[in-house]
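Thanks for sharing this one. Here are my notes, set out as numbered points to read alongside the model.

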Amino acid sequence: MKRVFEHPAEKLTGKRYWRSLNEFSDTPEFRGWLEREFPSGAAQLNGDEWSRRGFLKLMGASMALAGFGLTSCRRPEMHLVPFSKSVEWTIPGKALYYATAMPRRTGAIPLIAATVDGRPIKLEGNPLHPASGGATDAFAQASLLDLYDPARAKRFAEVKEKEENGEKKRVLETRDRAAFEKYLADLQTKIAADGGAGLAFLSEEVHSPTRERLRTKLQEKYPKMRWCVYDPLLTEAQSFATQLSFGDNARLVPRLERADVVLAIDSDFLDCGEGDLAGIRAFSSRRRIGEAKETMNRLYTVENCFTLTGAMADHRMRCPASQIPAFTRALAGKIAIATKDQGLASTIATLSEPVNAMQFDDAWLTECANDLMAKPGASLVLAGPHQPVVVQLMVYAINSALKNVGATLVIREFIKTPKTNSILQLAGEMNSGRIKQLFILGGDPVYNAPKGITIDKDTKAPVDWTDLQKKVPDVVRLGYYEDATSELSTWQVPSAHYLESWSDALTNDGAYLAIQPMILPLFGGMSELDLMNAVLGNAKVDGPELVQETFRATAPPGDFQTAWTQLLRDGFATHVALKEKPPTFNSNNAGGVAHTLWTSAPNPTLDAPEIVLTRSYNIDDGRYINNGWLQELPDPITKLTWDNAALMSPAMAKHLGVETGDLINIAVTETTKDTNGKNIRRELVIAALISPGHADNSISIALGYGRKRTGPIGEEAGFNGFLLRNSSNPHFIAVDSKTVESVSVTTAPTEKQPASPSPGAPSAAPTTPPKVRAHTLGSYALSITQDHWSIEGRGLVREASLEHYREDPEFVKKIAGDEELPARLPSIYSHPPLTAEQQWGMSVDLNVCTGCSACIIACQAENNIPIVGKLQVGHGRAMHWLRLDRYYASEKPFNQDLGEYPENPEIVHEPMMCQHCENAPCETVCPVNATVHSEDGLNVMAYNRCIGTRYCANNCPFKVRRFNFFDYNQRPMGKKKVGPLEVYQEYIAPFTEKGAPDTTKLQKNPNVTVRMRGVMEKCTYCVQRIEEAKIAAHVKAGASPNTRIPTDSFTSACAQVCPTGAIVFGDVKDPESKVSKMKMQDRNYRLLEYLNVNTRTSYLARIRNPNPKMPDANRIAVASLGHESHENGAKHEPAEMKPEEKP
Amino acid sequence: MDGATTAPDVIEGEESASVERPLARVPLVLNRRNFSWITERISGAVEGVAPRWWWVAFAITSMVAMFGLFCLGYQISTGVGVWGLNHPVGWAWDITNFVFWIGIGHAGTLISAILYLLRQKWRTSINRSAEAMTLFAVICAAIFPGVHVGRVWMAWFLAPLPNNYGIWPNFRSPLLWDVFAVSTYFSVSVLFWYTGLIPDLATLRDRATTKIKKLLYGIFALGWRGSNRNWRHYEMAYLLLAGLSTPLVLSVHSVVSFDFATSIVPTWHTTIFPPYFVAGAIFGGFAMVLTLLVPARAIYKLQDIITIQHIDKMAKVILLTGSFVSYAYAMEFFVAWYSGNQYEKFAFFNRIFGPYWWYWWVGMLFCNALSPQLFWFRRFRQNIYVVYFVCMCVNAGMWFERFIIIVGGLHRDFLPSSWGLFIPTWVDIWTFVGTFGIFLSLFLIFIRYLPMIAMSEVKIVLPEANPHHASPEEHHLVAAGGGERTQ
């Protein structure tokens, strides 16, 4: 396909000259005359029916047919063009941008991929589409690294059983694609023999219309086949409740921009990792506050473990996950009485009083309910997807009673999907031997399927997926890694990355997106669509035909080719309309189901704590386990890297006598029996992590870690929470006497370790971490990037309640302790003049920063920042140029050095990167002039000049400079076996191989130097982007003197990725720029101003909006209260504080 | 050693008798040792066969030194990460050791230069070895800033070499001042030491029994003839060098302290640092001089030259400078409290109650501030064991002091989010131990091949050297077989 460039008409400037009157009047005849090469009629051969052009065409064709030139005749190249020969539209060193999208569990994120010489090097949100608005999240940013992962599956492999030392082992043997195709052809005849009765597909949740279309085709061809979707973190509870309450194919879309009061019940809706960036932006649009008289929304959360949403909350209640039903019922009761809503009343009428439930603070509940009811139609109650159906139903009923349905909660109709089986049904059929051919498309069920997934009919004991998969004769596994599931399959097929394959996707609210490849599959992998197409028996397609066919069915307006081009260019199709459903809540359905399903577990106690299995902020459900960027990304709340841990409250840890890093043994005894008639007992040994703000008697474990077989990055990282998980309690395990008999948490190993594990017992899985020591469990090294969480009364994060802000809009200037600091004296150094026309600066609005950490990964991707490995992070050598400081603030002072923890603190986040001080302390101390100031206000680093004295880092008050202690980019990191020893390779660097893996090199941003060891580095405000913009401005200006970069025409990587727009970068000299306007606000403050460093980055103070009537209103927005002043009893007025030590 | 054999090594009772006469000036050399005895005793240590203890000691120290060098090689080849440094703590043992060794290097030049200018004649017994110690300590010190950088092979960027990029070192950086200060100090100290050695080298040349010794000592003696003219030039040169060294003694450690004082880290950013550091350096340096001389004095039986009076005087210097240092410690706390600056206040609070609390309590409070207070009493000043104990305390305490200043300041500064701890690795420890190996090996070589006491200078302060000297007991002494009075 030839590329047609349509340059927009140049605007005429200056005087207009004309050659003739015709030109002046610009008649169509004249235009025609201008464009024609020859005068009219000259193209015709005189007196012949052939045109000159036609004649030449005919002659050319005859020559070709005659055999000449056949050697150069090729089929049109459908591939992406290789860059061995340069292509006309590329400029070396310039990035090309293509629209694509990243498919996600609940939708997709529209993306723009920047490619250099055919390699995608950076992903950005598609600014044209509201589902992204130019932003992305950490996973989308990091997915780029997965593409280049040297450990990904690179081969078609057949699994053979082999005997080795008398042991039967399953070994993957390399085959080629042709061998697989031959195998598939054989398999097809087997499948076709009985109409697909033995055929089953197990796939992950993906919202791709083309996949649905192919699936329908498969269903037509093999009517008896089964299609099964399993995603360990999705439950049917929410969708079931939604269908029940609002009709088939309904999907709820919260409209947070309309909500004044939001109550999140165990719902982490601000978690970017779920990909709902539009929702986060909508929420933050009501959080952003320009001046004191503006209003903002109010957020209540009720949750077990601190989440990003909880950290943003104005009021947060700690509540074990198993007590959420009781809480929701109590709240629903209050609202039902006050609103006299029939639907709500009938839904909860038949729910019995929970026994031994948690006692909730009645004032809290009442005021929260009153606040919600005060804003009918502008409030919103959200429940987490892992809460049971009853909670979902009650929440829908509450929203309906509050008149929110249709206002802040929109019901949307999604595409109809044919019936999908659950993995439990599939397991049952596998157990009975009905499944003969199983295609596993992605996922790792051997690792993450629920334990004891089905009950064997003969033995009456539960069976694990591991055993079931062995019963299926032909298992084809399309996998991104060669893992535990590949080993138990017949064939392992390498999966293509989404940046390597054609597809399409739907966003959270149903918009149609195109996914186009940026690069040919690096290792010849197949996409899901390719494999389904192959199973259908169709010819192999290399191009977008499959997707085009789907797209054609959406009836694009106008010419198809134009519409298709438009789709690829924009990345989404506007004509695919979102269908709304009537906002009517079906309380009859809801009430009945609620009554049948209602259970409420007793309040967990120390002897019977609950175990909550959560999504990891770093690696999702484990799918990103081998992604180094994400592994090393500090968890936004705990700041833990490279591991998961058992999070527990300080009180619980004290009772158990454990410290952070101590190993604990969690044992869950189920009511089901194994073949020996004993109750099944599932155990997990895991490191504890004390997490202030966690609910008492509850333990949270992030899923996805503790895998035995994956790439080198993910192996041995963390503890496998899936070992505790069975199908009846996938999200939290609480003693309810129905499925769980007891839960015990001890610091000692259990009395006896089963020597020969009984079938079905979890220790039979190859994933048991062998971390148990002889008598005591010992401890485990956790790499936490921030050890100190008290802000020590320093005005680093400044915070106030909305009320206080209104009383004193200048509160940010009056932080306790500041008045004692010395006056700012003029600098005695001479500084280079800041003479450039444009001066760069940054502003961070702490009020909308959720702490999602996408900026960290964006910075890492943009600036070629290496990962350093778990040990090095533990040694305090993480390289992130941008870090997110997290502080716990509580109304009562606590001394962390004495081991004191706040029980129920609030969290404040603060992104911290180089502040680009105008009087930079790092610059004066560098002996070799390696860090200097530029005229446009950047504190720049010359890596070539740096010799690594580290003096600059010592003298940096913000500690944002990062030193290359080892050759992170050139030498391998992490453990390696050398003889009998396990050594960390960084410590034997001269004996390791030098150079990064080739694929890793492909990812690097060519505009940013890759640093060697011994060199200091730090945030540059993305100087490469500034320079690129400058060059573009110069090119555009030509000879004219206007080389000014247009206002806000580009931004830094962290600002670009930020889903809430909390980080803003731009020209601080330009009063029209966004950053200047932010700096004009009265909440603006700079850090450590007394040092006279004149930082270019400033912060906007955080405002919380507590409800003054709430019992806990006093302990909200306390981060910037100096504790000394706090003891004096005057809250919120640090300005009037008298320091305790007056001479 | 025929001349010396006639006199006993130690004459008991004589020194206490002289001490008991408070009004009389105590002689600098006891037992009325004459020129010959001095020459024999001091040259004898160089000329004789190396004793077995020397070989044993040298084997140990040189092995330790080699292992230290191996650690340096390992660090250079692998990365600074083999040390325990991390992100808040960019300097730890490396710069601690640097400041520690530089501090030790202060006593030598102070003794040779300042005491010379002040006509403190007692310096003559100790100045030579103190100066040698200075040089070796500066060598040890210079290792650390040299190799602690991330890219050692680029360290020449520190030199102001003209280059085609037109890039100069940053003259505002105290680290660069350090480079100049330390290298100047080292050069002048070497010159000063060598100048003082010339007459003694000539003595060794004259006494040499083998050709090689004669040649080598001859070359380095620069044709010294002991003529009037020689002496006149020598003394002028010595005086000038003493004058040149004197400001350097004060400047080097002041400049080293600027590394900290000009930065903005709480506890570093203080104007008190230059005098505080200089006092600390003299304090630590004298302790190290005593640490080396007390055993050497016993081994080589030099109690008559390095008398208890010398030790007493040095103990007084330690007491004085130790009190300066203690005052500085107290003043730091006062200023931090008086400033009201919460960051400073916290940093000093953290110094005594933070994670490194015991470094302060043991190192700074007990070793540096309290233990020298014993020297208020003459009994303790003149008790070798007490003196040695206090000197060891001061040696350790001064290292701890530097560690507390450097790591204690860095590990918890402005942003609590970036607080961290420093834990040394085996490479940290062995690099430091290795420098002791280097230091002691060099010192052992020094006492083996060069006169450890300035013979000529000691002779100058003998009563016999005074032309107007006429001791009534002279004849009696000569008759007792003290030896001839030549030279």
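1. Let me start with the interface in this predicted model. The area buried between chain B and chain A comes to about 5,500 Å², and carbon and sulfur atoms give 53% of that area. On the side of chain B, the trio B:His87, B:Arg151 and B:Arg172 supplies 15% of the area this chain buries against chain A, more than any other three residues.

2. Counted by residues, 63 of chain B are in contact with 67 of chain A. You may like to look at the polar side of this too: across the interface, 42 residue pairs are in polar contact, with both residues at pLDDT 80 or more.

3. Which elements of chain B are worth colouring when you view the side that touches chain A? Those giving two or more residues are α4 (52-78), α7 (174-207), α9 (228-261), α11 (308-339) and α12 (342-353) of chain B. The largest share, five residues, comes from α4(B). By class, the side of chain B that touches chain A has 35 nonpolar, 21 polar and seven charged residues.

4. On to charge pairing. Side chains of opposite charge can pair when their charged atoms come close. Between chain B and chain A the count is three salt bridges. One of them joins A:Arg950 to B:Asp94, with the closest N and O atoms 2.9 Å apart.

5. Over all chains, a search of the whole structure finds 76 salt bridges. Among them is the pair A:Arg105 and A:Asp621, whose side chains meet at 3.7 Å, N to O. Why might you pick this pair out on the sequence? A:Arg105 sits in the loop between β1 (96-103) and β2 (108-116) of chain A, while A:Asp621 sits in the loop between β23 (610-614) and α22 (628-632) of chain A, so the salt bridge ties together parts that are 516 residues apart in sequence.

6. Finally, a surface feature of chain B. B:Phe349, B:Phe353, B:Trp357, B:Trp358, B:Trp361 and B:Val362 form a nonpolar patch on the surface, and together they have about 630 Å² of accessible area. Two elements of chain B, α12 and α13 (357-370), each give two or more residues to the patch. Helix α13(B) provides the largest share, four residues, and B:Phe353 is found in helix α12 of chain B. Helix α12 of chain B is also listed among the elements that give two or more residues to the side touching chain A, which makes this helix a handy place to look at both topics together.

Terms used:
Residues are numbered from 1 along each chain as its sequence is written. Chains are lettered from A and ligands numbered from 1 in the order in which they are written. This is a predicted model: local features need pLDDT of at least 70, side-chain atom pairs count only at pLDDT 80 or more; totals for chains, interfaces and linings use all residues. Side-chain values use heavy atoms; hydrogens and water are left out. Contact means heavy atoms within 4.5 Å. Buried area is the accessible area (1.4 Å probe) that two parts lose on being put together, summed over both. A salt bridge is a side-chain nitrogen of Lys or Arg within 4 Å of a carboxyl oxygen of Asp or Glu. A polar contact is a pair of N or O atoms within 3.5 Å; within protein, one must be able to donate a hydrogen and the other to accept it, and residues adjacent in sequence count only if both atoms are side-chain atoms. Ala, Val, Leu, Ile, Met, Phe, Trp, Tyr, Cys and Pro count as nonpolar, Asp, Glu, Lys and Arg as charged, and the others, Gly among them, as polar. Patches are made of residues with over 30% relative accessible area and no salt bridge: like charges are joined within 9 Å, nonpolar side chains (Val, Leu, Ile, Met, Phe, Trp, Tyr) within 5 Å. Accessible areas come from the Shrake-Rupley method with a 1.4 Å probe; for residues, only the protein chains shown count as cover.
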